[in-house]
Amino acid sequence: MERQRIALLGSTGSIGVQTLDIVRENSNLFEVTTLTAHRNWEQLAKQAVEFNVDSVVIADASLYEPLSQALAAYPIKVYAGEQAVAQVAADDNVDVVVNALVGYAGLQPTVAAIKKSKKIALANKETLVVAGGLVMRLAEQYRAPILPIDSEHSAIFQCLIGELSPLRQLIITCSGGSLRDLPIEALKDVTPEQALKHPQWTMGAKITIDSSTLVNKGFEVIEAAWLFGLDADKISVLLHPQSVVHSMVEFEDGAIKAQLGTPDMHMPISFALMYPYRARRDEHFSFADNPTLTFAQVDRVKYPALDIAYNCLRAGGTAACTMNGANEVAVAAFLNHQCGYLDIVRTIEYALEHTQFVANPTLEDYAQVNAESRALAAQFLKLK
(Lines give C-alpha, C1' and ligand atoms only; values in the text may rest on other atoms or scores of the structure.)
Protein backbone atom coordinates (compact mmCIF):
# COMPACT_ATOMS: atom_id res chain seq x y z
CA MET A 1 0.00 0.00 0.00
CA GLU A 2 1.44 3.36 -1.07
CA ARG A 3 1.81 6.17 1.43
CA GLN A 4 -1.19 8.51 1.29
CA ARG A 5 -1.24 12.25 1.93
CA ILE A 6 -4.31 13.25 3.94
CA ALA A 7 -6.27 16.46 4.27
CA LEU A 8 -8.31 16.07 7.45
CA LEU A 9 -11.29 18.40 7.56
CA GLY A 10 -12.67 18.76 11.08
CA SER A 11 -9.58 17.49 12.87
CA THR A 12 -10.61 18.60 16.38
CA GLY A 13 -13.95 16.76 16.42
CA SER A 14 -14.56 13.18 17.50
CA ILE A 15 -13.97 11.60 14.06
CA GLY A 16 -11.01 13.87 13.40
CA VAL A 17 -9.28 12.97 16.65
CA GLN A 18 -9.82 9.25 16.03
CA THR A 19 -8.52 9.60 12.47
CA LEU A 20 -5.30 11.01 13.87
CA ASP A 21 -5.09 7.94 16.13
CA ILE A 22 -5.10 5.77 13.00
CA VAL A 23 -2.40 7.95 11.43
CA ARG A 24 -0.23 7.61 14.55
CA GLU A 25 -0.59 3.83 14.45
CA ASN A 26 0.28 3.74 10.74
CA SER A 27 2.76 6.55 10.21
CA ASN A 28 4.44 4.51 7.48
CA LEU A 29 1.22 4.58 5.45
CA PHE A 30 -0.16 8.07 6.07
CA GLU A 31 1.08 11.63 6.10
CA VAL A 32 -1.17 14.49 7.18
CA THR A 33 -0.64 17.53 4.99
CA THR A 34 -3.60 19.69 6.03
CA LEU A 35 -5.80 20.10 9.09
CA THR A 36 -8.92 22.24 9.46
CA ALA A 37 -11.17 23.16 12.37
CA HIS A 38 -14.18 25.39 12.86
CA ARG A 39 -13.27 27.28 16.06
CA ASN A 40 -10.96 25.19 18.23
CA TRP A 41 -7.73 26.90 17.23
CA GLU A 42 -5.79 25.80 20.34
CA GLN A 43 -6.22 22.09 19.62
CA LEU A 44 -5.71 22.68 15.90
CA ALA A 45 -2.36 24.34 16.60
CA LYS A 46 -1.21 21.42 18.78
CA GLN A 47 -2.21 18.89 16.13
CA ALA A 48 -0.46 20.88 13.42
CA VAL A 49 2.81 20.89 15.33
CA GLU A 50 2.61 17.19 16.23
CA PHE A 51 1.97 16.08 12.64
CA ASN A 52 4.22 18.70 11.04
CA VAL A 53 1.56 19.64 8.50
CA ASP A 54 1.95 21.95 5.51
CA SER A 55 -1.13 24.03 6.22
CA VAL A 56 -4.04 24.62 8.57
CA VAL A 57 -7.39 26.35 8.13
CA ILE A 58 -9.61 27.85 10.81
CA ALA A 59 -13.08 28.20 9.31
CA ASP A 60 -14.08 30.99 11.68
CA ALA A 61 -11.98 33.80 10.23
CA SER A 62 -12.19 35.82 13.46
CA LEU A 63 -9.76 33.32 15.02
CA TYR A 64 -7.04 33.68 12.38
CA GLU A 65 -4.80 35.92 14.51
CA PRO A 66 -4.46 33.69 17.62
CA LEU A 67 -3.90 30.62 15.43
CA SER A 68 -1.35 32.43 13.30
CA GLN A 69 0.51 33.63 16.40
CA ALA A 70 0.49 30.15 17.94
CA LEU A 71 2.16 28.75 14.81
CA ALA A 72 4.44 31.70 14.06
CA ALA A 73 7.58 29.71 14.93
CA TYR A 74 6.72 26.90 12.52
CA PRO A 75 6.78 26.71 8.69
CA ILE A 76 3.04 26.01 8.59
CA LYS A 77 0.79 28.02 6.29
CA VAL A 78 -2.28 29.41 8.07
CA TYR A 79 -5.54 30.17 6.26
CA ALA A 80 -9.01 31.20 7.40
CA GLY A 81 -12.58 31.04 6.15
CA GLU A 82 -14.88 28.39 4.72
CA GLN A 83 -13.67 28.93 1.15
CA ALA A 84 -10.14 28.12 2.27
CA VAL A 85 -11.37 24.75 3.59
CA ALA A 86 -12.62 23.86 0.11
CA GLN A 87 -9.40 25.10 -1.47
CA VAL A 88 -7.08 22.96 0.66
CA ALA A 89 -9.29 19.92 0.01
CA ALA A 90 -8.53 20.32 -3.68
CA ASP A 91 -4.79 20.93 -3.25
CA ASP A 92 -2.40 18.97 -5.45
CA ASN A 93 -0.41 17.66 -2.46
CA VAL A 94 -3.46 15.76 -1.14
CA ASP A 95 -4.37 12.17 -2.07
CA VAL A 96 -7.20 11.54 0.40
CA VAL A 97 -9.71 13.95 1.91
CA VAL A 98 -11.20 12.83 5.21
CA ASN A 99 -14.34 14.94 5.53
CA ALA A 100 -15.27 14.95 9.22
CA LEU A 101 -16.99 18.34 9.13
CA VAL A 102 -20.39 18.82 10.75
CA GLY A 103 -23.45 19.78 8.74
CA TYR A 104 -23.92 21.65 5.46
CA ALA A 105 -20.38 23.04 5.73
CA GLY A 106 -19.09 19.71 4.43
CA LEU A 107 -20.70 19.97 0.99
CA GLN A 108 -18.45 22.49 -0.79
CA PRO A 109 -15.15 20.86 0.27
CA THR A 110 -16.43 17.46 -0.89
CA VAL A 111 -17.38 18.86 -4.30
CA ALA A 112 -14.02 20.65 -4.60
CA ALA A 113 -12.14 17.44 -3.77
CA ILE A 114 -14.23 15.36 -6.18
CA LYS A 115 -13.49 17.74 -9.04
CA LYS A 116 -9.80 17.06 -8.42
CA SER A 117 -10.47 13.28 -8.42
CA LYS A 118 -9.43 12.84 -4.79
CA LYS A 119 -10.34 9.79 -2.77
CA ILE A 120 -13.01 10.85 -0.26
CA ALA A 121 -13.30 9.19 3.14
CA LEU A 122 -16.71 10.56 4.09
CA ALA A 123 -17.94 11.06 7.63
CA ASN A 124 -19.94 14.17 6.73
CA LYS A 125 -23.28 12.53 5.89
CA GLU A 126 -24.87 15.91 5.11
CA THR A 127 -22.88 15.99 1.85
CA LEU A 128 -25.10 13.21 0.51
CA VAL A 129 -28.23 14.15 2.47
CA VAL A 130 -28.26 17.64 1.00
CA ALA A 131 -27.00 16.96 -2.53
CA GLY A 132 -26.63 13.22 -3.00
CA GLY A 133 -27.71 13.10 -6.64
CA LEU A 134 -25.36 15.89 -7.69
CA VAL A 135 -22.42 14.61 -5.63
CA MET A 136 -22.67 11.02 -6.88
CA ARG A 137 -22.90 12.19 -10.51
CA LEU A 138 -19.78 14.30 -10.03
CA ALA A 139 -17.98 11.41 -8.32
CA GLU A 140 -18.69 9.20 -11.33
CA GLN A 141 -17.70 11.92 -13.78
CA TYR A 142 -14.37 12.64 -12.07
CA ARG A 143 -13.76 9.04 -10.98
CA ALA A 144 -13.44 10.06 -7.35
CA PRO A 145 -14.05 7.11 -5.01
CA ILE A 146 -16.27 7.84 -1.99
CA LEU A 147 -15.69 5.47 0.94
CA PRO A 148 -18.04 5.77 3.92
CA ILE A 149 -16.82 6.31 7.48
CA ASP A 150 -20.22 6.12 9.18
CA SER A 151 -20.24 2.77 10.98
CA GLU A 152 -23.55 1.74 9.39
CA HIS A 153 -22.47 2.48 5.83
CA SER A 154 -19.05 0.98 6.37
CA ALA A 155 -20.79 -2.18 7.61
CA ILE A 156 -23.00 -2.32 4.51
CA PHE A 157 -20.01 -1.70 2.26
CA GLN A 158 -18.11 -4.55 3.93
CA CYS A 159 -21.10 -6.89 3.55
CA LEU A 160 -21.36 -6.11 -0.16
CA ILE A 161 -17.70 -6.69 -1.04
CA GLY A 162 -17.42 -9.68 -3.34
CA GLU A 163 -21.16 -10.02 -3.94
CA LEU A 164 -22.32 -10.15 -7.55
CA SER A 165 -26.04 -10.82 -7.06
CA PRO A 166 -28.66 -8.16 -6.31
CA LEU A 167 -29.77 -7.52 -2.76
CA ARG A 168 -33.26 -7.57 -1.28
CA GLN A 169 -32.80 -4.86 1.33
CA LEU A 170 -30.39 -2.98 3.55
CA ILE A 171 -31.06 -3.17 7.28
CA ILE A 172 -29.61 -0.16 9.10
CA THR A 173 -29.35 -0.67 12.83
CA CYS A 174 -30.23 2.02 15.33
CA SER A 175 -29.22 2.31 18.98
CA GLY A 176 -32.27 4.42 19.82
CA GLY A 177 -30.07 7.19 21.18
CA SER A 178 -29.93 8.67 24.63
CA LEU A 179 -33.71 8.80 25.13
CA ARG A 180 -34.69 5.32 23.92
CA ASP A 181 -35.94 4.23 27.38
CA LEU A 182 -37.78 7.48 28.05
CA PRO A 183 -41.57 7.37 27.58
CA ILE A 184 -42.95 9.55 24.82
CA GLU A 185 -44.87 11.77 27.23
CA ALA A 186 -41.60 12.77 28.95
CA LEU A 187 -39.93 14.07 25.77
CA LYS A 188 -41.40 17.55 26.15
CA ASP A 189 -39.29 18.09 29.28
CA VAL A 190 -35.98 16.73 27.97
CA THR A 191 -32.95 18.95 28.61
CA PRO A 192 -29.82 19.18 26.44
CA GLU A 193 -27.87 17.54 29.26
CA GLN A 194 -30.16 14.49 29.17
CA ALA A 195 -30.10 14.19 25.41
CA LEU A 196 -26.30 14.37 25.28
CA LYS A 197 -25.80 11.22 27.38
CA HIS A 198 -25.56 8.53 24.70
CA PRO A 199 -25.39 5.04 26.23
CA GLN A 200 -22.97 3.56 23.65
CA TRP A 201 -21.23 6.09 21.44
CA THR A 202 -18.99 9.04 22.25
CA MET A 203 -19.78 11.66 19.61
CA GLY A 204 -20.03 15.39 19.08
CA ALA A 205 -22.95 17.33 20.54
CA LYS A 206 -24.93 17.81 17.33
CA ILE A 207 -24.79 14.20 16.16
CA THR A 208 -25.70 13.02 19.67
CA ILE A 209 -28.85 15.15 19.61
CA ASP A 210 -29.58 13.95 16.07
CA SER A 211 -29.20 10.40 17.32
CA SER A 212 -31.75 11.01 20.06
CA THR A 213 -34.36 12.37 17.62
CA LEU A 214 -33.47 9.77 14.96
CA VAL A 215 -32.84 12.60 12.52
CA ASN A 216 -29.38 11.08 12.25
CA LYS A 217 -30.83 7.67 11.36
CA GLY A 218 -33.09 9.27 8.78
CA PHE A 219 -30.07 10.99 7.27
CA GLU A 220 -28.26 7.65 7.20
CA VAL A 221 -31.15 6.17 5.20
CA ILE A 222 -30.81 9.00 2.67
CA GLU A 223 -27.02 8.60 2.58
CA ALA A 224 -27.34 4.84 2.04
CA ALA A 225 -29.76 5.38 -0.84
CA TRP A 226 -27.19 7.51 -2.67
CA LEU A 227 -24.11 5.48 -1.76
CA PHE A 228 -25.59 2.16 -2.81
CA GLY A 229 -28.04 3.28 -5.49
CA LEU A 230 -31.24 2.07 -3.84
CA ASP A 231 -34.84 3.24 -3.50
CA ALA A 232 -36.30 4.09 -0.10
CA ASP A 233 -38.37 0.90 0.03
CA LYS A 234 -35.22 -1.24 -0.04
CA ILE A 235 -33.82 0.34 3.14
CA SER A 236 -35.21 -0.50 6.58
CA VAL A 237 -34.25 0.56 10.09
CA LEU A 238 -34.14 -1.79 13.08
CA LEU A 239 -33.68 -0.87 16.72
CA HIS A 240 -30.61 -2.60 18.17
CA PRO A 241 -29.73 -1.14 21.60
CA GLN A 242 -26.37 -2.93 21.99
CA SER A 243 -24.83 -1.31 18.88
CA VAL A 244 -22.84 -4.46 18.14
CA VAL A 245 -24.39 -5.28 14.75
CA HIS A 246 -23.52 -2.16 12.79
CA SER A 247 -25.83 -2.97 9.86
CA MET A 248 -26.92 -5.86 7.64
CA VAL A 249 -27.62 -6.75 4.02
CA GLU A 250 -30.33 -9.23 3.00
CA PHE A 251 -29.93 -10.93 -0.39
CA GLU A 252 -32.59 -12.35 -2.69
CA ASP A 253 -31.98 -15.93 -1.55
CA GLY A 254 -32.80 -14.94 2.04
CA ALA A 255 -29.19 -14.87 3.25
CA ILE A 256 -28.31 -12.01 5.59
CA LYS A 257 -24.78 -10.72 6.12
CA ALA A 258 -23.99 -8.56 9.12
CA GLN A 259 -20.88 -6.71 10.24
CA LEU A 260 -20.31 -6.84 14.00
CA GLY A 261 -17.88 -5.24 16.40
CA THR A 262 -17.49 -2.96 19.36
CA PRO A 263 -19.16 0.48 19.17
CA ASP A 264 -15.95 2.26 18.22
CA MET A 265 -15.22 4.40 15.17
CA HIS A 266 -11.54 3.52 14.72
CA MET A 267 -12.37 0.43 12.64
CA PRO A 268 -14.60 2.13 10.01
CA ILE A 269 -12.15 5.04 9.79
CA SER A 270 -9.17 2.74 9.22
CA PHE A 271 -11.13 0.62 6.74
CA ALA A 272 -12.04 3.69 4.65
CA LEU A 273 -8.42 4.85 4.65
CA MET A 274 -6.81 1.47 3.99
CA TYR A 275 -9.33 -0.29 1.73
CA PRO A 276 -8.94 -2.89 0.27
CA TYR A 277 -6.64 -3.72 3.19
CA ARG A 278 -7.36 -3.76 6.92
CA ALA A 279 -5.43 -2.23 9.78
CA ARG A 280 -3.80 -4.30 12.48
CA ARG A 281 -5.36 -3.06 15.70
CA ASP A 282 -5.53 -4.37 19.25
CA GLU A 283 -9.32 -4.57 19.12
CA HIS A 284 -11.19 -7.69 20.22
CA PHE A 285 -14.90 -8.34 20.59
CA SER A 286 -16.09 -10.96 23.08
CA PHE A 287 -19.38 -12.70 22.37
CA ALA A 288 -19.16 -14.24 25.84
CA ASP A 289 -19.23 -10.76 27.35
CA ASN A 290 -22.14 -9.79 25.07
CA PRO A 291 -24.42 -12.82 25.22
CA THR A 292 -27.63 -11.00 24.25
CA LEU A 293 -28.26 -9.06 21.06
CA THR A 294 -31.80 -7.72 20.70
CA PHE A 295 -33.75 -6.16 17.85
CA ALA A 296 -37.08 -4.35 17.60
CA GLN A 297 -39.09 -2.16 15.27
CA VAL A 298 -38.68 1.60 15.67
CA ASP A 299 -41.55 3.46 17.36
CA ARG A 300 -42.53 5.79 14.51
CA VAL A 301 -44.80 7.86 16.80
CA LYS A 302 -42.02 8.57 19.28
CA TYR A 303 -39.56 9.20 16.45
CA PRO A 304 -41.43 11.07 13.65
CA ALA A 305 -38.19 12.40 12.16
CA LEU A 306 -37.44 9.00 10.62
CA ASP A 307 -40.55 9.06 8.42
CA ILE A 308 -39.92 12.71 7.57
CA ALA A 309 -36.49 11.70 6.24
CA TYR A 310 -38.02 8.85 4.21
CA ASN A 311 -40.52 11.33 2.73
CA CYS A 312 -37.68 13.71 1.83
CA LEU A 313 -35.81 10.87 0.13
CA ARG A 314 -38.88 9.96 -1.92
CA ALA A 315 -39.54 13.59 -2.81
CA GLY A 316 -35.96 14.14 -3.99
CA GLY A 317 -34.86 17.57 -5.14
CA THR A 318 -34.16 20.00 -2.31
CA ALA A 319 -36.43 18.38 0.29
CA ALA A 320 -33.63 16.80 2.34
CA CYS A 321 -31.58 20.01 2.04
CA THR A 322 -34.48 21.84 3.72
CA MET A 323 -34.73 19.22 6.44
CA ASN A 324 -31.02 19.47 7.15
CA GLY A 325 -30.87 23.27 7.28
CA ALA A 326 -33.84 23.54 9.63
CA ASN A 327 -32.49 20.77 11.81
CA GLU A 328 -29.08 22.43 12.18
CA VAL A 329 -30.70 25.66 13.39
CA ALA A 330 -33.10 23.86 15.74
CA VAL A 331 -30.44 21.63 17.29
CA ALA A 332 -28.17 24.62 17.93
CA ALA A 333 -31.10 26.44 19.55
CA PHE A 334 -31.92 23.44 21.71
CA LEU A 335 -28.31 23.09 22.85
CA ASN A 336 -28.37 26.80 23.75
CA HIS A 337 -31.61 26.36 25.75
CA GLN A 338 -33.51 28.53 23.25
CA CYS A 339 -36.18 25.97 22.44
CA GLY A 340 -37.67 22.72 23.68
CA TYR A 341 -36.69 19.24 22.55
CA LEU A 342 -39.92 18.64 20.61
CA ASP A 343 -39.42 21.94 18.79
CA ILE A 344 -36.63 20.33 16.74
CA VAL A 345 -39.01 18.19 14.69
CA ARG A 346 -41.66 20.93 14.64
CA THR A 347 -39.10 23.29 13.11
CA ILE A 348 -38.25 20.76 10.40
CA GLU A 349 -41.93 20.32 9.57
CA TYR A 350 -42.48 24.09 9.40
CA ALA A 351 -39.52 24.59 7.06
CA LEU A 352 -40.63 21.77 4.77
CA GLU A 353 -44.10 23.31 4.54
CA HIS A 354 -42.84 26.80 3.69
CA THR A 355 -39.51 26.50 1.84
CA GLN A 356 -39.39 26.48 -1.96
CA PHE A 357 -38.88 23.08 -3.57
CA VAL A 358 -36.57 22.62 -6.55
CA ALA A 359 -36.92 19.27 -8.29
CA ASN A 360 -33.62 19.30 -10.22
CA PRO A 361 -31.34 21.57 -8.20
CA THR A 362 -27.93 22.99 -9.02
CA LEU A 363 -25.31 23.68 -6.36
CA GLU A 364 -26.57 27.29 -6.29
CA ASP A 365 -30.14 26.07 -5.71
CA TYR A 366 -28.98 24.01 -2.74
CA ALA A 367 -27.25 27.06 -1.27
CA GLN A 368 -30.39 29.20 -1.69
CA VAL A 369 -32.71 26.58 -0.18
CA ASN A 370 -30.28 25.97 2.67
CA ALA A 371 -30.28 29.68 3.52
CA GLU A 372 -34.06 29.90 3.21
CA SER A 373 -34.67 26.87 5.43
CA ARG A 374 -32.39 28.30 8.11
CA ALA A 375 -34.17 31.66 8.02
CA LEU A 376 -37.56 29.93 8.32
CA ALA A 377 -36.29 27.84 11.24
CA ALA A 378 -35.08 30.95 13.03
CA GLN A 379 -38.42 32.61 12.35
CA PHE A 380 -40.37 29.65 13.69
CA LEU A 381 -38.25 29.48 16.85
CA LYS A 382 -38.32 33.29 17.23
CA LEU A 383 -34.54 33.48 17.33
CA LYS A 384 -32.88 36.87 17.07
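A salt bridge is a side-chain nitrogen of Lys or Arg within 4 Å of a carboxyl oxygen of Asp or Glu. In this structure, which is a predicted model, the side chains of D189 and K188 meet that condition, with N and O 3.5 Å apart. D189 is exposed, and K188 is exposed as well.

**Salt bridges**

Counted by the rule above, the model holds 19 salt bridges. Some of them share partners: D21, R24 and E50 are joined in this way into one network. Three of the pairs are set out below, each with the separation of its closest N and O atoms.

| Acidic residue | Basic residue | N to O separation |
|---|---|---|
| D189 | K188 | 3.5 Å |
| E126 | K206 | 3.6 Å |
| E250 | R168 | 2.9 Å |

The bridge between E126 and K206 links distant parts of the chain: E126 belongs to helix α6 and K206 to helix α9 (residues 205-213), and the two are 80 residues apart. Both ends of this pair have little accessible area by the burial cut-off of under 20%. E126 has a relative accessible area of 7% and is therefore buried. K206, with a relative accessible area of 15%, is buried too.

The bridge between E250 and R168 connects two strands. E250 lies in β10 (residues 245-251) and R168 in β8 (residues 167-174), so the pair ties together parts that are 82 residues apart in sequence. E250 is buried, its relative accessible area being 12%. R168 has 38% relative accessibility and counts as partly exposed.

**Strands β2, β3 and β4**

Strand β3 (residues 55-58) is covered on both faces. S55 and V57 are buried on one side, and V56 and I58 are buried on the other.

Strand β3 pairs with β2 (residues 30-37) through four bridges, and these two strands run parallel. Within this pairing, T36 has V57 of β3 as its bridge partner. The chain passes from β2 to β3 by way of helix α2 (residues 41-51), and this β-α-β crossover is right-handed.

Strand β3 is also joined to β4 (residues 77-80), again by four bridges and in parallel. Here V57 has Y79 of β4 as its bridge partner. Between β3 and β4 the chain runs through helix α3 (residues 64-70), and this β-α-β crossover is right-handed. V57 thus appears in both pairings, as the partner of T36 and as the partner of Y79.

**Helix α15**

Helix α15 covers residues 363-380, 18 residues in number. At 1.5 Å a residue, the helix should span 26 Å; the C-alpha atoms at its ends are 26 Å apart, which agrees with the expected value.

The buried residues in α15 are L363, Y366, V369, N370, S373, L376 and A377. Viewed down the helix axis, the buried residues of α15 fall within an arc of 145°, so they line one face of the helix. An α-helix has 3.6 residues a turn, so residues three or four places apart point the same way. The cover over the buried residues of α15 includes α5 (107-114), α6 (126-141), α13 (319-335) and α14 (343-354). Helix α6 is also the element that holds E126 of the bridge to K206.

After α15 comes K382, which has a positive phi, near 55°.

**Backbone exceptions**

Most residues other than glycine have a negative phi, and most peptide bonds are trans. Several places in the model depart from this.

S117 is not a glycine, yet its phi is positive, about 60°. S117 sits in the loop between α5 and β6 (119-122). With 39% relative accessibility, S117 counts as partly exposed.

R143 is likewise not a glycine and has a positive phi of about 50°. The loop that holds R143 lies between α6 and β7 (146-148). R143 counts as exposed, at 75% relative accessibility.

The remaining item concerns a peptide bond. Y275 and P276 are joined by a cis peptide bond, with omega about 10°. P276 is in the loop between α11 (266-274) and α12 (304-315).

Key: Residues numbered from 1 in each chain as written. Predicted model: local features only at pLDDT ≥ 70, side-chain atom pairs only at ≥ 80, totals over all residues. Heavy atoms only, no water. Expected span 1.5 Å × (residues − 1). Buried < 20%, exposed > 50% of the residue type's maximum accessible area, 1.4 Å probe, protein only. Arc of directions from axis to C-beta. Contact = heavy atoms within 4.5 Å. Pairing = 2+ DSSP bridges. Right-handed = clockwise from strand over helix to strand, strands pointing away.
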